[in-house]
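Here are some friendly notes to read alongside the structure. Take them one at a time, and find each spot in the viewer before moving on.

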Amino acid sequence: MKKPILIVAVLLTFSLFSNTLFAQTAPAPAAPAAAPAATGNVIATMTSSDDYTALSVALRAAGLAETLEGAGPYTIFAPTNTAIGKLPSDQLDALMKDPAKLATALKFHVVSGQYTKADLIKALGATKERKTTMKTLDGETLTLAVVNGKLQLSDAHGNTAFVNHFDLTATNGVIHGLDAVLVGK
């Protein structure tokens, strides 16, 4: 009985975010301020941030919260609420109705290990092409590259997103904000 109530709550939350975000005509909000110090795991940190609440709800709906509340460390390339709001509502609804597909899509955004902005710059600087790869929780490959002075992530399916917020630290990892969702095929 609790699962259907949770699913309805998640869908209502996403509907509210989607409708609010699509109706906005003002410029995008400024980047969030960096957290003063890590006080919770990556799920708690995202839940307490105004920029990642939709993702934290989706992670719970997909059954990934328990994993990400564990020891880690994890690096989350986290689509912001604005990025999630850009998804077509039918695509978002389909993902929310299929926890397995939602989990697969969300795992594209998580890598094992803690990689701060400085770590990513160092990895990119170690290559001539200013490009590197990382393995996601599912073993998929994320390609990180500098494009027009910004860090771009690409998945194996050709989806791309730019990192627009760096280094929101948590006790078991770090969160970097994305401007888009990597949804796979």
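Helices and strands here are runs assigned by DSSP, numbered from the N terminus, with at least four residues for a helix and at least two for a strand. Please keep in mind that this is a predicted model.

1. Start with the sheet. It is open and has 7 strands in the order 2-1-7-6-5-4-3, and the pairing is mixed. Strands of a sheet pair through backbone hydrogen bonds, in either a parallel or an antiparallel way.

2. Now look at the edges of that sheet. Strand 2 (110-112) and strand 3 (131-135) each have a single partner strand, so one side of each is left without a neighbour in the sheet. Going from one strand to the next, the twist averages 30 degrees.

3. Next, pick out one pair of strands. Strand 5 (residues 150-154) and strand 6 (residues 160-170) run antiparallel to each other, and 3 bridges link them. To find your place in this pair, locate Gln-152, which has Phe-162 of strand 6 opposite.

4. Phe-162 deserves a second look. Lys-150 lies over the face of the Phe-162 ring, 5.3 Å from the ring centre. A similar arrangement is found at Phe-166, where Lys-117 lies over the ring face at 4.8 Å from the centre. As for rings paired with rings, the structure holds 0 aromatic pairs.

5. How do helix 6 and helix 7 cross? The axes of helix 6 (residues 89-97) and helix 7 (residues 99-107) come within 5 Å, crossing at roughly 110 degrees. Angles of 65 to 115 degrees count as roughly perpendicular, and that makes helix 6 roughly perpendicular to helix 7.

6. Which residues make this helix contact? From helix 6 come Leu-95, Met-96 and Lys-97, and they meet Pro-99, Lys-101, Leu-102 and Ala-105 of helix 7. By type, the residues in the contact are 5 nonpolar, no polar and 2 charged.

7. Finally, two spots in the backbone. Most residues other than glycine have a negative phi, and most peptide bonds are trans. Gly-72 and Pro-73, however, are joined by a cis peptide bond, with omega about 5 degrees. Pro-73 belongs to the loop between helix 4 (65-68) and strand 1 (74-79).

8. The other spot is Asn-148, in the loop that runs between strand 4 (141-147) and strand 5. Asn-148 is not a glycine, yet its phi is positive, at about 50 degrees.

Key. Residues numbered from 1 in each chain as written. Predicted model: local features only at pLDDT ≥ 70, side-chain atom pairs only at ≥ 80, totals over all residues. Heavy atoms only, no water. Pairing = 2+ DSSP bridges. Axes fitted to C-alpha atoms, helices over the stretch in contact; angles between N-to-C directions. Parallel < 35°, antiparallel > 145°, perpendicular 65-115°, else oblique. Contact = heavy atoms within 4.5 Å. Nonpolar A, V, L, I, M, F, W, Y, C, P; charged D, E, K, R; others polar. Phe/Tyr/Trp six-rings, centres within 6.5 Å; stacked < 30°, edge-to-face > 60°. Lys NZ or Arg CZ within 6 Å of the ring centre and 35° of its normal.
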